[in-house]
Amino acid sequence: MQPGGPSRGDDLAGRPFPLGDWGEPAQRLDELYRWVETNALRTAEWYLSDRVWKRRCARALRIGTALGAVTGAALPLLGWWKWGYPALLVAAACLLCDRYFGLTSGWMRDVATAQAVQRRLQALQFDWASESVREVLGPAEGTASEAAERCLGVLRRFSEDVTELVRAETADWMVEFRSGPAPLAMQSTLPSPARTDSTAAPGRFPLPPGTRPNMPRQRPPEPR
């Protein structure tokens, strides 16, 4: 669960597929369209509501970073040296908190995902309107069964696209969480392995600077 906000599964969990009677195909397709549209609107609403608290916290931390940096740079000029360093520490702490909790990046991901879902939903609405007009005017090609199958294909592709958008955003969040500042800080404390010179021959000591390496002597040819 992310700090201060809803968990990623509160409103993004899967919902049961609505079951109904296909005795009236047009009414049944309309119910499925409304179900798909409602799920997409709920997904976009979740991301838009999730970004609210992230945006507030990110702005507060950025303001704290700016104020701490300006204060830490201005106080030494006024002769208050001992207060400059704490102000700089506050600025650094705000910046680290923002990056550690992923507030700014998470806010941007939420906005981008919500906009992508809304754009895809607009495309679905126009596609569905086109199919509805074709049905009213009469199918120019194919049977009624093929028209219903085509409408189901439109709804299925849209649902898969929205699911892929959510999956991509979650994958980005997982990558950022795993490669956050904490693992990097732990890696910086570990001793780095000794570097080996690939040009040096194995089993030989490094030569002092300014000396030329001696070429190995070649054995004289053996008499035949």
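Two aromatic rings of Phe, Tyr or Trp, the last represented by its six-membered ring, are taken as a pair if their centres lie within 6.5 Å. On this criterion the structure, which is a predicted model, holds 4 aromatic pairs. In one of the pairs, the rings of Trp46 and Tyr47 have centres 5.0 Å apart and planes at 85° to each other, and because planes over 60 degrees apart count as edge-to-face, the pair is assigned to that class. Both partners are withdrawn from the surface by the accessibility criterion, under which a residue is buried if its relative accessible area is under 20%: Trp46 is buried with a relative accessible area of 2%, and Tyr47 is likewise buried at 0% relative accessibility.

With regard to the overall fold, the chain comprises 5 helices and 0 strands, so that its pattern, read along the sequence, is α-α-α-α-α. Of the 224 residues in the chain, 26% are buried. Among the contacts in the chain with a separation of 6 or more, 75% are accounted for by residues 24 or more positions apart.

The packing of two of these helices was examined next. Two packed helices are described by the angle between their axes together with the distance between the axes. For helix H3, which spans residues 103-137, and helix H4, which spans residues 144-178, the angle is about 175° and the axes are 11 Å apart. Since angles over 145 degrees count as roughly antiparallel, H3 and H4 are therefore roughly antiparallel to each other. The residues of the contact between H3 and H4 divide into 12 nonpolar, 2 polar and 13 charged.

Within helix H3, Glu131 is a charged residue that is nevertheless buried, with a relative accessible area of 12%. When residues up to four places away in sequence are not counted, Glu131 touches Arg150 and Cys151. Cys151 is itself buried, with a relative accessible area of 10%, whereas Cys57 is partly exposed, with a relative accessible area of 34%. A disulfide is a covalent bond between the sulfur atoms of two cysteines. The structure holds 0 disulfides, which means that no pair of cysteine sulfur atoms lies within the 2.5 Å cut-off.

Contacts distant in sequence are illustrated by Ala58, which is found in helix H1, a helix that covers residues 25-74. Ala58 counts as buried, its relative accessibility being 0%. With residues up to four places away in sequence left out, Ala58 touches Asp98, Leu103, Thr104 and Trp107. The C-alpha atoms of Ala58 and Gly102 are 8.8 Å apart in space, while the two residues are 44 residues apart in sequence.

Arg59 is also found in helix H1, but at 47% relative accessibility Arg59 counts as partly exposed, in contrast to Ala58, which is buried. Arg59 and Leu103 are 44 residues apart along the chain, and their C-alpha atoms are separated by 9.1 Å. Leu103 thus recurs in this part of the description, because Leu103 is also among the residues within the 4.5 Å heavy-atom contact cut-off of Ala58.

Note on methods
Residues are numbered from 1 along each chain as its sequence is written. This is a predicted model: local features need pLDDT of at least 70, side-chain atom pairs count only at pLDDT 80 or more; totals for chains, interfaces and linings use all residues. Side-chain values use heavy atoms; hydrogens and water are left out. Axes are lines fitted to C-alpha atoms, for helices over the stretch in contact, and angles run from 0 to 180 degrees between N-to-C directions. Helices (H or I, at least four residues) and strands (E, at least two) are DSSP runs, numbered from the N terminus. Angles under 35 degrees count as roughly parallel, over 145 as roughly antiparallel, 65 to 115 as roughly perpendicular and the rest as oblique. Rings of Phe, Tyr and Trp (its six-membered ring) pair if their centres lie within 6.5 Å; planes under 30 degrees apart count as stacked, over 60 as edge-to-face and the rest as tilted. Buried means under 20% relative accessible area, exposed over 50%, partly exposed in between (1.4 Å probe, protein chains only).
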